[in-house]
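Please load the model in a viewer and display it as a cartoon, with side chains available on request. The tour proceeds by selection, and each stop states what is to be found there.

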Amino acid sequence: MGVTAISVWNNCLTFIKDNIQPQAFKTWFEPIKPIKLSDNALSIQVPSKFFYEWLEEHYVKLLKVALTKELGETAKLVYIIRMENTYGNKEPFTEKIPSSNRATMSPQEMDVPIKSKNPELKNPFVIPGIRNIKIESQLNPNYNFDNFLEGDSNRLARSAGMAVANKPGGTSFNPLLVFGGVGLGKTHLAHAIGVEIKDKYPERTVLYISAEKFTQQYIESVKKNTRNDFIHFYQLIDVLIIDDVQFLSGKSGTQDVFFHIFNHLHQNGKQVILTSDKAPVDMQDIEQRLLSRFKWGLSAELQNPDYETRISILKNKLYRDGVEMPDDIIEYVAKHIKSNIRELEGAIISLIAQSSFNKKEVTIELAQQVVEKFVKNTKREVSIDYIQKVVSDYFEMDVATLQSKTRKRHIVQARQLAMFFAKKFTKASLASIGSQIGKRDHATVLHACKTVDNLAETDKQFRKYIEDLTKKFS
């Protein structure tokens, strides 16, 4: 006899019954009916939304263990809430909600050394006057590895994140710096690592904070003359996750204090995780000693997802929202929105909203209207090869001459302009631009950009070159 929803659920019930009180079992599990089993997802019918919320809050881990025993690691759970229809139709209304498989994050306790003069260490997360006992991790449990889908564009970063989560502070990936453009999942991955660590090592103190908030807290500590308390607090954290670390650029005081915190954590085998929209080599106004520490561990890039990954992301998003949509529409959206994951999910949310609010059926025509708005707003990206060709044609030379080692003034200027426009119009790193335009290093590209900026202000003819070429790229 094959595996059915009923047989799977009965086996789950046997396991659950052994692990909870008989009264709780009778109240919360006996009323549940197994409905269907497809794609390793078991759909169960519950009597109300409150019922579903209670199960998710109190029994989600038990349900996850029971299902995993039956269906393996890829097991999914979907709740079907049956509500009586009050609008005269005979059929009751049903709502599908997939399980998040996550309990809420509980506060963390931290042992603090007590000094005779000052028995209370100031916690920058706590309002003055309220005694600090517990620290919130600031993690969002909805950002986890279960819904961070793997593809060629993120495999290195995701695998490194998993390795760090399995052994925080015990791998060579310390610090782990995840970098990439907007909307590619840097923050999601940072939270996922923290959430996974809390699952595996509940006793470890994990803290997620944006670089901007870290800076504000530091400024506040300087005002109140509690700088040492601020440093001491952060030195007690086991896993420190700092988002958008590029915001530290130009803030020398904050960089200095972060340097001391980082050194202490690293020397004591604590884990540091950073995210940035730039590779370390492209970060400007960050002290060299801090940049060299960013490069100690692993810098992993998140790139734009390929077509197959975009399809998987959309299907996963629809599954989590309990929405079914035809494959041809999913494929249409994935084919036309390539910029980033945030826009991809934004388009599918718009499509669902348009359909439900305007009571329209989801069709290819509706998908075209929604996608058009997103694609129009996405700036067309030009390639470095195209930039070199346009600049070479403008100065009446071939690309090989532009890339050559010659120091003739007009060729050097053309090369510098190509580097300047490549930095302006592409998402490529300085090192990547340099290697493609005549095998130069990132310092040469940085110098070229500064030279173009200076000449634009002082040389009228050079300013005209920039204006003419800008029109060609716009």
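The stops below move from the whole chain to a hairpin, a sheet, a helical core and some individual backbone features.

**Setting up**

This is a predicted model, in which local features need pLDDT of at least 70 and side-chain atom pairs count only at pLDDT 80 or more, while totals for chains, interfaces and linings use all residues. Residues are numbered from 1 along each chain as its sequence is written, and side-chain values use heavy atoms, with hydrogens and water left out.

**Whole chain**

Select the entire chain and colour it by secondary structure: it contains 20 helices and 11 strands. Helices (H or I, at least four residues) and strands (E, at least two) are DSSP runs, numbered from the N terminus. Of the 474 residues, 45% are buried; buried denotes under 20% relative accessible area, exposed over 50%, and partly exposed in between, with a 1.4 Å probe and protein chains only. Among contacts (heavy atoms within 4.5 Å) between residues at least 6 apart in sequence, 71% join residues at least 24 apart.

**The hairpin**

Select residues 33–38 and 41–46, which are strand 1 and strand 2; they pair in the antiparallel sense over five bridges. Two strands count as paired if DSSP finds at least two bridges between them. Within this pair, Pro34 stands opposite Ile44 in strand 2. The two strands form a hairpin with two residues between them. Next, centre on Asp39 in the loop between strand 1 and strand 2. Its phi is near 50 degrees, a positive value in a residue other than glycine. Asp39 counts as exposed because its relative accessibility is 73%.

**The parallel sheet**

In what order do the strands of the open sheet of five lie? The order is 8-9-10-7-11, with parallel pairing. Select 206–210 and 298–302 to see the edge strands, strand 8 and strand 11, each of which pairs on one side only. From one strand to the next, the twist averages 15 degrees; here and below, angles run from 0 to 180 degrees between N-to-C directions, and axes are lines fitted to C-alpha atoms, for helices over the stretch in contact.

Add residues 239–243, strand 9, which runs parallel to strand 8 and is joined to it by five bridges. Ile209 stands opposite Ile242 in strand 9. Then show helix 9 (residues 252–267), which packs on the sheet and touches strand 9 and strand 10 (271–276). The direction of helix 9 makes about 145 degrees with that of strand 9.

Lys213, in helix 7 (residues 211–223), is the next selection. Lys213 counts as partly exposed because its relative accessibility is 36%. A C-alpha to C-alpha distance from Lys213 to Ile242 gives 9.6 Å, for a separation of 29 residues in sequence.

**The largest nonpolar core**

Select Ile387, Val391, Phe395, Leu417, Phe421, Leu469 and Phe473: of the 30 residues in the largest nonpolar core, these touch the most other members. Such a core is a set of buried Ala, Val, Leu, Ile, Met, Phe, Trp, Tyr and Cys residues joined through side-chain atoms within 4.5 Å. Two or more residues each come from helix 15 (384–394), helix 17 (409–425), helix 18 (430–436), helix 19 (442–458) and helix 20 (460–473). Helix 17 gives the largest share, nine residues.

Centre on Leu417. Leaving aside neighbours within four places in sequence, Leu417 is in contact with Phe395, Val452, Phe462, Tyr465, Ile466 and Leu469.

Show helix 17 and helix 19 alone: their axes come within 8 Å and cross at roughly 100 degrees. Helix 17 is therefore roughly perpendicular to helix 19, a label for angles of 65 to 115 degrees.

Now select helix 15, whose buried residues are Ile384, Ile387, Gln388, Val390, Val391 and Ser392. They pack against helix 16 (399–403), helix 17, helix 18 and helix 20.

**Backbone features**

Just after helix 15, Glu396 takes a positive phi of about 55 degrees. Lys439, in the loop between helix 18 and helix 19, has a phi near 55 degrees. Lys439 counts as exposed because its relative accessibility is 73%.

Finally, select Asn174 and Pro175: the peptide bond between them is cis, with omega near 5 degrees. Pro175 lies in the loop between helix 5 (155–166) and strand 7 (176–180).

Notes:
Angles under 35 degrees count as roughly parallel, over 145 as roughly antiparallel, 65 to 115 as roughly perpendicular and the rest as oblique.
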